[in-house]
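User: Please examine the following structure and answer a series of questions about it.

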Amino acid sequence: MATHFEGLVARLVSLLDREALVYMIIGGFALPHYGAIRSTADLDVAVAVKDEETFQKFVRKAGEAGFEAVPSSYANPVSVLFERATGLEVEVWLRPDGISWDEETIKRREKVRIGTVQAYVVSPEDFMVTKLARPDRGLQDEKDVKSVFARLGGKIDREYLEERARAAGVSALLQAVERG
Amino acid sequence: MISELENNIPLETRLLESTLAASLGTLELSRTLHIGPARTIALVRRLCDEGLVAVSHRRGPRAGRPSSEVTPTQLGLEYLRAYRSLESKRLRSRPADLRKAAADGEYARRLAERKAPVYELFFELSGYGNALRGSRR
């Protein structure tokens, strides 16, 4: 039987695909692919939206697909959608901390089967950088990064990770988490 | 009840943070910071002398002493920015937290290597967590 969360990700990915938006799942839903398996309360997704018009169209289409948006605009780096049927929340990140929407970031996304759908998930290196670059970074974010180091080990692209960490100003923090 | 996290933040910073959203009077600050009025007044005076906050007085419609309003100055805002920037450099986790996280990551790797359905486990765990949060509410 599909869980509420499984249904949520399926409906969201279906909406993003219909609207042909470039996106990647970040946060707790991305973690089981390359880190620890832990519970989460919401779904975080980064969506590449280039202007207010596209953003408002997305919000309108989300409304038609069963989501309700907290009033927001393209100027906000993050907006919240509630799924009416389940009350679950989706955080839509237009400008995720520490991540730039460039070709490399998009190319490195990984297509992963999450429940009943194939969805794009942020690369493990960008996942680690965005976790550490959050201004409200907490204990769980650091633990998530550490679990990716432990699970992937030598499979991590060190050069890319260090380059992105340097750009986001989190190189020393990344080293401290890895050593800790 | 003051949280452990708040307890680790210097009182000066907490006062400045409190005045960011709205200018507050001494009594409101005393409640927000969980300290007595006398201590709040002394703190506000000191921060005022250091140029971090400004105190203005407003006379209300009723008789009595005018109420005071504490607001951060430009220097106070710069102090807060510098504090946040420094604070962001500090690790939140203890070595034991990171060791546990590494063990969880290694366990997930073993599960994946054995072709265990990691996303099914994740959905199950998140479902339990959500139900628990719902029952607490």
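**Strand pairing, cores and chain contacts**

In this predicted model, Leu81(A) and Val90(A) of S5(A) stand opposite each other.

User: Over how many bridges do S4(A) and strand S5 of chain A pair?

Analyst: Strand S5 of chain A covers residues 89–93, and Val90(A) in S5(A) is opposite Leu81(A). The pairing of S4(A) with S5(A) is antiparallel, and the number of bridges is 5.

User: Which residue takes a positive phi in the hairpin of S4(A) and S5(A)?

Analyst: This hairpin has 5 residues between the strands. A positive phi near 80 degrees is taken there by Gly87(A).

User: Which residue in S4(A) stands opposite Phe67(A)?

Analyst: Strand S3 of chain A, residues 67–69, runs antiparallel to S4(A), and 3 bridges join the two. In S4(A), the residue opposite Phe67(A) is Glu83(A).

User: Which residues form the uncovered face of strand S4 of chain A?

Analyst: Strand S4 consists of residues 78–83 and has two faces. Ser79(A), Leu81(A) and Glu83(A) make up the covered face. The uncovered face is formed by Val78(A), Val80(A) and Phe82(A).

User: What radius of gyration does chain A have, and what would a compact globule of 180 residues have?

Analyst: Chain A has 8 helices and 7 strands, and its C-alpha trace spans about 45 × 40 × 30 Å along the principal axes. A compact globule with 180 residues would have a radius of gyration near 16 Å. Chain A agrees with this, as its own value is 16 Å.

User: What percentage of the contacts in chain A with a separation of 6 or more is accounted for by residues 24 or more positions apart?

Analyst: Of the 180 residues of chain A, 46% count as buried. Among contacts with a separation of 6 or more in this chain, the share of residues 24 or more positions apart is 61%.

User: Is chain B compact or spread out by the globule rule, and what is its radius of gyration?

Analyst: Chain B has 7 helices and 2 strands, and from the N terminus on its elements run α-α-α-α-β-β-α-α-α. For 137 residues the globule rule gives 14 Å, and the chain lies well over that, so it is more spread out than a compact globule. Its C-alpha trace spans about 75 × 35 × 25 Å along the principal axes. The radius of gyration of chain B is 23 Å.

User: How far apart do the C-alpha centres of domain 1 and domain 2 of chain B lie?

Analyst: Chain B is divided into domain 1, residues 4–87, and domain 2, residues 95–136. The C-alpha centres of these two domains of chain B are separated by 43 Å.

User: What percentage of the residues of chain B count as buried?

Analyst: Among contacts in chain B between residues at least 6 apart in sequence, 39% join residues at least 24 apart. Of the 137 residues of this chain, the part that counts as buried is 18%.

User: Which element supplies the largest share of the largest nonpolar core?

Analyst: The largest nonpolar core has 60 residues, and those with the most contacts inside it include Val9(A), Leu12(A) and Ile25(A). The largest share of this core is 7 residues, and it comes from H1(A).

User: How many residues does the other core have?

Analyst: Apart from the largest core lies another, with Val44(B), Leu47(B), Leu52(B) and Val70(B) among its residues. The number of residues in this other core is 11.

User: Which element gives the largest share of the side of chain A that touches chain B?

Analyst: In the model, 30 residues of chain A are in contact with 27 residues of chain B. Helix H1 (4–18), helix H6 (139–152) and helix H8 (171–179) of chain A each supply at least two residues of the side that touches chain B. The residues of that side divide into 14 nonpolar, 9 polar and 7 charged. The largest share, 9 residues, comes from H6(A).

User: Is Glu6(A) buried or exposed?

Analyst: Glu6(A) is found in helix H1 of chain A. Not counting residues up to four places away in sequence, Glu6(A) touches Gly115(A), Thr116(A) and Phe123(B). A residue is buried if 20 or more other C-beta atoms lie within 10 Å of its own. Because Glu6(A) has 21 within that distance, it is buried.

User: How many C-beta neighbours inside 10 Å does Ala176(A) have?

Analyst: Ala176(A) lies in helix H8 of chain A. This residue counts as partly exposed, and its number of C-beta neighbours inside 10 Å is 17.

Key
Residues are numbered from 1 along each chain as its sequence is written. Chains are lettered from A and ligands numbered from 1 in the order in which they are written. This is a predicted model: local features need pLDDT of at least 70, side-chain atom pairs count only at pLDDT 80 or more; totals for chains, interfaces and linings use all residues. Helices (H or I, at least four residues) and strands (E, at least two) are DSSP runs, numbered from the N terminus. The radius of gyration is taken over C-alpha atoms; the globule rule is 2.2 Å times the number of residues to the power 0.38. A residue is buried if 20 or more other C-beta atoms lie within 10 Å of its own, exposed if 12 or fewer, and partly exposed in between; C-beta atoms are placed from the backbone. Two residues are in contact if their C-beta atoms, placed from the backbone, lie within 7 Å. Domain bounds come from an automatic or database domain assignment. Ala, Val, Leu, Ile, Met, Phe, Trp, Tyr, Cys and Pro count as nonpolar, Asp, Glu, Lys and Arg as charged, and the others, Gly among them, as polar. A nonpolar core is a set of buried Ala, Val, Leu, Ile, Met, Phe, Trp, Tyr and Cys residues joined through C-beta atoms within 7 Å. Two strands pair if DSSP finds at least two bridges between them.
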